[in-house]
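Me: I have a structure open and would like to talk it through piece by piece. Could you help me read it?

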Amino acid sequence: MDYFSTRRTVRKYSDKVVDETLLKEMLEAAAHAPTTGNMQLYSVIVTRTDEGKRLLSPCHFNQPSVEGCSVVLTFCADFNRFERWCLVSDAVPGYGNFQSFVTALLDTALFAQQFCTIAEMNGLGCCYLGTTTYNAPQIAKVLELPSRVVPVTTLTVGYPSGDAPLSDRLPVEGIIHAEKYADYTDDDIRRLYAEKEAREDSRKYVQENNKKSLAQVFTDVRYTKEANEHFSRLYLDFISDMGFVMPE
């Protein structure tokens with residue numbers, strides 16, 4: 001339990017290289033994560049070379065961890081392999097739809113998180129890059145992804161350099177609902193977010209961005225409506241271009 005309650009996201013890495021055999025063993029173990037119908041609807045692209053990381057870096061807004069890590073892992077929802085198996089086995093696949101994409105996305109997320117846990121238990125540090133869904137078309141071009149293969153998330157992996165900060169979390173009573181969803185009162189919300197808002201780094205974000213509250217930092221600076229709508233359209237169009245037809 002101590003591992004889970006004290007785990008940290010690592011963005012700075014030493015020069016120590018992640019052994020290729022260890023990486024393969026960890027990915028093999030991670031592949032035992034739950035998967036829909038035992039279909040394993042995912043693939044992972046391993047990027048080790050400096051050139052490969054250099055090409056991926058702009059896709060992730062040049063976050064330093066991309067070129068500073070030992071390995072970049074791009075986890076993709078992948079129906080290409082399963083459909084190919086159907087076709088060579090005289091079966092007719094019908095997976096170019098929204099439901100199938102969501103199924104593959106969930107498989108991919110479970111695989112990625114199981115790998116993250118295994119890697120950290122082996123002394124490695126990891127950082128999820130949410131920018132994967134923002135710039136999926138560019139990532140697909142760099143990695144030469146075929147139809148029905150869509151980037152979902154990326155992990156930078158390496159041995160930590162220095163100590164990483166412990167991320168804050170909401171009180172657990174704020175996320176647990178007994179039997180049915182119990183909606184929050186305004187007082188509940190203020191109480192649940194009070195500790196997060198009182199943190200020194202949170203107050204710093206508010207001051208630096210000239211905002212009245214931490215919530216405004218999220219809505220007006222970090223995750224704006226305009227940006228969310230822009231990247232929503234890009235990702236949705238890309239998913240359709242990759243062979244998953246969205247409902248009208």
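Me: How many residues of strand β4 are buried?

Reply: Before the answer, please keep in mind that this is a predicted model. Strand β4, which covers residues 149-158, is mostly covered, and ten of its ten residues are buried.

Me: Which way does β2 run against β4, and how many bridges join them?

Reply: Strand β2, residues 71-78, runs antiparallel to β4, and eight bridges join the two. To find the pairing on your screen, you could look for F75, which stands opposite T153 in β4, or for A77, whose bridge partner in β4 is V150.

Me: ok, and what about β3 and β4, how do they pair?

Reply: Strand β3, residues 125-129, pairs with β4 in the antiparallel sense, over five bridges. One of the contacts to look for is G125, which has G158 as its bridge partner in β4.

Me: Back to β2 then. Is it mostly covered or mostly open?

Reply: β2 is mostly covered, since eight of its eight residues are buried. In a regular strand the side chains alternate between the two faces of the sheet. In β2 both faces are covered, with V71, L73, F75 and A77 buried on one side and V72, T74, C76 and D78 buried on the other.

Me: And which way does β1 run next to β2?

Reply: Strand β1, residues 42-47, is joined to β2 by six bridges, and the two run antiparallel. Here A77 turns up again, because A77 in β2 is the bridge partner of Y42.

Me: Changing topic: how many aromatic pairs are there?

Reply: The count comes to 16 aromatic pairs. One of them is formed by F82 and Y95, which meet edge-to-face at 5.8 Å centre to centre, with 70° between the planes.

Me: Why would I care where F82 and Y95 lie in the chain?

Reply: F82 lies in helix α5 (residues 80-88) and Y95 in the loop between α5 and α6 (98-121), so the pair ties together parts that are 13 residues apart in sequence. F82 is buried, with a relative accessible area of 15%, while Y95 is partly exposed, with a value of 25%.

Me: What about Y181 and Y184, what sort of pair do they form?

Reply: Y181 and Y184 are also an edge-to-face pair, with 6.1 Å centre to centre and 90° between the planes. Y181 is exposed at a relative accessible area of 59%, and Y184 is partly exposed at 27%.

Me: Which residues form an aromatic cluster?

Reply: F79, F82, W85, Y95, F101, Y235 and F244 form one aromatic cluster, which includes the F82 and Y95 you have just looked at. A charge also comes in here, as the charged end of R148 sits over the ring of F244, 5.7 Å from its centre.

Me: Which ring does the charged end of K16 sit over?

Reply: The charged end of K16 sits over the ring of Y159, at 4.3 Å from the ring centre.

Me: On to helices. Where does α8 bend?

Reply: Helix α8 bends by about 35° at L192. This helix covers residues 186-198, has 13 residues and reaches 18 Å from its first C-alpha to its last, which is close to the 18 Å expected at 1.5 Å a residue.

Me: How many disulfides does a search of the whole structure find?

Reply: The search finds zero disulfides. A disulfide is a covalent bond between the sulfur atoms of two cysteines.

Me: Why is there no bond at C69 or C127?

Reply: The cut-off for a disulfide is a pair of cysteine sulfur atoms within 2.5 Å. The sulfur of C69 is 9.4 Å from the closest cysteine sulfur, in C127, and so too far for a bond. The sulfur of C127 has its closest cysteine sulfur in C126, at 8.9 Å, which is again too far. As for their surroundings, C69 is buried at a relative accessible area of 5%, and C127 counts as buried at 2%.

Me: Last thing, what is the phi of N38, and where does N38 lie?

Reply: Phi of N38 is near 55°, a positive value in a residue other than glycine. N38 lies in the loop between α2 (20-30) and β1, and at 62% relative accessibility it counts as exposed. N62 also has a positive phi, of about 60°, although N62 is not a glycine, and its place is in the loop between α3 (50-56) and α4 (64-68).

Conventions:
Residues are numbered from 1 along each chain as its sequence is written. This is a predicted model: local features need pLDDT of at least 70, side-chain atom pairs count only at pLDDT 80 or more; totals for chains, interfaces and linings use all residues. Side-chain values use heavy atoms; hydrogens and water are left out. Buried means under 20% relative accessible area, exposed over 50%, partly exposed in between (1.4 Å probe, protein chains only). Helices (H or I, at least four residues) and strands (E, at least two) are DSSP runs, numbered from the N terminus. Rings of Phe, Tyr and Trp (its six-membered ring) pair if their centres lie within 6.5 Å; planes under 30 degrees apart count as stacked, over 60 as edge-to-face and the rest as tilted. A charge sits over a ring if NZ of Lys or CZ of Arg is within 6 Å of the ring centre and within 35 degrees of the ring normal. The expected span of a helix is 1.5 Å times one less than its number of residues. The bend at a residue is the angle between axes fitted to the seven residues ending there and the seven starting there.
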